[in-house]
Amino acid sequence: MQNKVKLLLVGPSECGKSTLSNFLSESGDVGGMIYRPTKGCRIVEFEIPNLTVNGMTKKVEVELWDVSGDMKYESCWPGIQRGSNGVLFVYNPGREDHARILDHFYTQFVEQQGLRETQCIVFCHYKPGTNGKGAKLSSSFNQVLTVDSQLEEDGVSTVRRDFNDFVGSVLTHMSAVVEMQENSILM
Ligand SMILES: Nc1nc2c(ncn2[C@@H]2O[C@H](COP(=O)(O)OP(=O)(O)OP(=O)(O)O)[C@@H](O)[C@H]2O)c(=O)[nH]1
Ligand SMILES: [Mg+2]
């Protein structure tokens, strides 16, 4: 089984993607930062030291591509998404307009690349002060796992666990694809 994944982190501007990637890679504080929009894309690399996948525990190398939510970088997306194994969507549940924006990302990053729903996850990210469940996601996301993410208080451990579980299911999918390809060569 492979031990390296390339994942994309996409969603509207200012919804918290860079904050989440800093948290997951343990590179920087989460709270109280001034907003610095990501320019184009930022690649964050880190390891999950002990991930158990299909009964086997191993070290996994993660390449997390933290993509700007600004559509002015759309022309860079084809290059960014090449060879990706999964997509993490992030949105702010307090923003009605975010459902429509996520649909655009879904079309570009999932449908056009031929990824499966199991290679996707949605983080409904509650920044401090976020109220309500404003955005109801479209039916494109019906089969996609959606989890709440809260980096303050007691949500922290859940976010890391959900992320690690997601990486595990992406790796499982990848090894199933490799197995299918090997079988078809043998036939
Ligand atoms: N305290 C706290 N601040 C957060 C959290 N999530 C986001 N923020 C703040 O919200 C602002 C925007 O967050 P970013 O992570 O930069 O947003 P982004 O999605 O990367 O935005 P773009 O790069 O422009 O697409 C920053 O000032 C963050 O510090 C959180 O969980 N806790
Ligand atoms: Mg950012």
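This passage describes a central strand, the nonpolar core and the ligand shell of a predicted model.

A good place to start is strand β5, which spans residues 120-125. Six of its six residues are buried, leaving the strand mostly covered. In a regular strand the side chains alternate between the two faces of the sheet. In β5, Cys120, Val122 and Cys124 point one way, while Ile121, Phe123 and His125 point the other way.

Strand β5 has a partner in β4 (residues 86-91), and the two pair in the parallel sense over five bridges. Within this pairing, Val90 sits opposite Phe123 of β5. The path between these strands involves helix α3 (residues 98-111), and β4, α3 and β5 together form a right-handed β-α-β unit. Strand β6 (residues 145-149) also runs parallel to β5, joined to it by five bridges. Here Ile121 is found opposite Leu145 of β6.

In soluble globular proteins, nonpolar side chains tend to be buried together. The largest nonpolar core of the model holds 36 residues, of which Leu9, Val87, Leu88 and Phe89 touch the most other members. At least two residues of this core come from each of several elements, including β1 (4-10), β4, α3, β5 and α4 (156-186). Helix α3 makes the largest contribution to this core, with six residues. Leu9 illustrates the packing nicely: among its contacts beyond four places in sequence are Leu20, Leu64, Trp65, Leu88 and Val90.

Turning to the ligand, 21 residues surround ligand 1, and Gly16, Ser18, Thr19, Thr38 and Gly69 come nearest. The shell is mixed in character, with eight nonpolar, eight polar and five charged residues.

Notes. Residues numbered from 1 in each chain as written. Chains lettered and ligands numbered in written order. Predicted model: local features only at pLDDT ≥ 70, side-chain atom pairs only at ≥ 80, totals over all residues. Near = placed C-beta within 6 Å. Nonpolar A, V, L, I, M, F, W, Y, C, P; charged D, E, K, R; others polar. Buried ≥ 20, exposed ≤ 12 C-beta atoms within 10 Å, placed from the backbone. Helix = DSSP H or I, 4+ residues; strand = E, 2+ residues; numbered from the N terminus. Pairing = 2+ DSSP bridges. Right-handed = clockwise from strand over helix to strand, strands pointing away. Core = buried A, V, L, I, M, F, W, Y, C linked by C-beta atoms within 7 Å. Contact = placed C-beta atoms within 7 Å.
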